[in-house]
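Student: I have a model open and would like to understand the labels people put on its parts. Could we go through them together?

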Amino acid sequence: MKTLLLYSEEGCPWCANMKEQLKENKIKFIVRDIGRYEKEWESVSKEAKTEFIPTMCIVNHKEKTKTYLAPDTNFDDIEEGIEKVKKIMLS
């Protein structure tokens, strides 16, 4: 089983677009507002080596691994990010 965590912030247009695209592609996700989950975001941003949002963390519970996808590091636009999420979630 895999869980997608989406680190975002209210008012961020990229984040809103990412949420909409995930919904349209029927990809389940859990939103983590970086203001509300500040300490968790500090840890994630350090592990993912990014300060940009929307950053995604795909947790593979079976293998006990995490895969991070961050804008400008792992994808250049929302569509590319969605395609990468699909690949990882379905593998």
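Tutor: Happily! A helix here is a DSSP run of H or I with at least four residues, and helices are numbered from the N terminus. Lysine 19 sits in helix 1, residues 13–24. Keep in mind that this is a predicted model.

Student: What makes lysine 19 a residue with no salt bridge?

Tutor: A salt bridge needs a side-chain nitrogen of Lys or Arg within 4 Å of a carboxyl oxygen of Asp or Glu. For lysine 19, the nearest side chain of opposite charge is glutamate 10, 4.6 Å away. That distance is beyond the cut-off, so lysine 19 has no salt bridge, although it is buried.

Student: Which residues does lysine 19 touch, leaving aside those up to four places away in sequence?

Tutor: Those are Leu6, Ser8, Phe29 and Val31.

Student: Why are glutamate 80 and lysine 84 called a salt bridge?

Tutor: Their closest approach, N to O, is 3.9 Å, and the limit is 4 Å, so the pair qualifies. The two are four residues apart in helix 3 (residues 78–90), which means about one helical turn separates them.

Student: How many salt bridges does the structure hold?

Tutor: Three. Another one joins lysine 86 to glutamate 83, with the closest N and O atoms 3.4 Å apart; both lie in helix 3, three residues apart. Arginine 32 and glutamate 40 also meet in one, at 3.1 Å.

Student: Why does glutamate 83 count as partly exposed?

Tutor: Exposed would require over 50% relative accessible area, and buried under 20%. Glutamate 83 is at 45%, so it falls in between. The label also fits lysine 86 at 27% and lysine 84 at 32%.

Student: How do you know that strand 3 is largely enclosed by the rest of the structure?

Tutor: Six of the six residues in strand 3, residues 55–60, are buried, so that conclusion follows. In a regular strand, side chains alternate between the two faces of the sheet. In strand 3, Thr55, Cys57 and Val59 are buried on one side, and Met56, Ile58 and Asn60 on the other.

Student: What makes strand 3 and strand 4 a pair?

Tutor: Pairing takes at least two bridges. Strand 3 and strand 4 (residues 65–69) have five, in the antiparallel sense, so they pair. Valine 59 stands opposite lysine 66 there. Strand 1 (residues 2–8) also pairs with strand 3 in the antiparallel sense, over six bridges, with threonine 3 opposite valine 59.

Definitions and conventions. Residues are numbered from 1 along each chain as its sequence is written. This is a predicted model: local features need pLDDT of at least 70, side-chain atom pairs count only at pLDDT 80 or more; totals for chains, interfaces and linings use all residues. Side-chain values use heavy atoms; hydrogens and water are left out. Buried means under 20% relative accessible area, exposed over 50%, partly exposed in between (1.4 Å probe, protein chains only). Lys and Arg count as positive and Asp and Glu as negative; His and the chain ends are not counted. Contact means heavy atoms within 4.5 Å.
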